[in-house]
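Here are my notes on the structure for someone who has not seen it before. Please read them with the model open.

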Amino acid sequence: RVATSAGWVREIERPVSEEEEKEAHRHHHHEGEHGHGHEDHHHDCGEHCHHHHHHSEGGEAEEYGISTFVYYRRQAFDIHKFDHFIATKWNRNIIRAKGVCYFSHNRDMSYLFEQAGTQKQLTEAGLWYATAPEEDLIKLMRQEPGLLRDWDEKYGDRMQKIVFIGQHLDKEQLTRDLDACLD
């Protein structure tokens, strides 16, 4: 009950903090593996990966070691790596996960990823706004201030933003595993 309360809904709709934005942008690998001569920007998390947004869901959440964690990046996942992660490295401590993501084989489509218990599903959630003609975009941005706020010059509104709720989550490991799925 604690884990499926509305806390993560607020979490996913919360604007990204400057800290997270910086973190997300430090993860542009420039196709290093594919021999395009760009160097690969892999780094060790060190002190910077602590996005511990502890929203108190009341004492019981603390008591059971339940916490919320948001994984946020701008570059695309490789669907095969993501699939492999879900099939082989999914941590049993994750109680619930939900968020939006996208993949390098079809960068224009956004997907909703959801997990509850052993059920995991990926559903098409429509095209990113970045695919719209410019005049439509300008109109949309006037109506939707949130869109402009989350806009990135390179990625538009494309992003990975998945909220995890779990018990004694190893957030650093989860971050490393998900970063390894980035294309």
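Which residue of β4 does Q115 stand opposite? The partner is K120, and the points below start from that pair of strands.

1. Basis of the notes. This is a predicted model, in which local features need pLDDT of at least 70 and side-chain atom pairs count only at pLDDT 80 or more, while totals for chains, interfaces and linings use all residues. Residues are numbered from 1 along each chain as its sequence is written, and side-chain values use heavy atoms, with hydrogens and water left out.

2. β3 and β4. Helices (H or I, at least four residues) and strands (E, at least two) are DSSP runs, numbered from the N terminus. Strand β4 covers residues 119-127 and runs antiparallel to β3, to which it is joined by seven bridges; two strands count as paired if DSSP finds at least two bridges between them. Besides the Q115 and K120 pair, A116 has Q119 of β4 as its bridge partner. The two strands form a hairpin with two residues between them, and G117 in the turn has a positive phi of about 65 degrees.

3. β2 and β3. Strand β2 (residues 94-103) is likewise antiparallel to β3, with seven bridges joining them. Two residues make the hairpin connection from β2 to β3. Across this pairing, K98 stands opposite E114.

4. R96. This residue lies in strand β2 and is buried, with a relative accessible area of 14%. Buried means under 20% relative accessible area, exposed over 50%, and partly exposed in between (1.4 Å probe, protein chains only). A polar atom of the R96 side chain lies 3.1 Å from the backbone oxygen of Q115.

5. Salt bridges across the sequence. A salt bridge here is a side-chain nitrogen of Lys or Arg within 4 Å of a carboxyl oxygen of Asp or Glu. The count by this rule is six. One of them pairs the side chains of R73 and D179, at 2.9 Å from N to O. R73 lies in strand β1 (residues 66-73) and D179 in helix α7 (residues 171-179), so this salt bridge ties together parts that are 106 residues apart in sequence. R73 is buried at 2% relative accessible area, and D179 is buried at 12%.

6. D108 and R158. The closest N and O atoms of this salt bridge are 2.8 Å apart. D108 lies in strand β3 (residues 106-116) and R158 in the loop between α6 (145-149) and β5 (160-167), so the pair links parts 50 residues apart in sequence. D108 is partly exposed, with a relative accessible area of 35%, whereas R158 is buried at 14%.

7. D150 and R149. These two also form a salt bridge, with 3.9 Å between the closest N and O atoms. D150 is buried, with a relative accessible area of 19%, and R149 is partly exposed, at 47%. Elsewhere, R96, K98 and E114 are joined into one network by salt bridges that share partners.

8. The two sides of α4. Which residues of helix α4 (residues 79-88) are buried? They include F82, F85 and I86. These residues cover an arc of only 95 degrees around the axis, which puts them on the same side of α4; the arc is that of the directions from the helix axis to the C-beta atoms. H80, D83 and A87, on the other side, are exposed. The buried residues of α4 pack against β2, β3, β4 and α7. At the N-terminal end, D78 caps α4 with a side-chain oxygen 2.7 Å from the backbone nitrogen of H80.

9. Nonpolar cores. A nonpolar core is a set of buried Ala, Val, Leu, Ile, Met, Phe, Trp, Tyr and Cys residues joined through side-chain atoms within 4.5 Å. The largest has 21 residues, of which F77, F82, W90, F113, F164 and L178 touch the most other members. Two or more residues come from each of β1, α4, β2, β3, β5 and α7, and β2 gives the most, with four residues. Apart from this core lies another, of eight residues, among them V16, A24, W128 and M159.

10. F113. Contact means heavy atoms within 4.5 Å. Not counting residues up to four places away in sequence, F113 touches residues including F82, I86, W90, C101, L122 and I162.

Methods: Polar contact = N/O pair within 3.5 Å; in protein donor to acceptor, adjacent residues only side chain to side chain.
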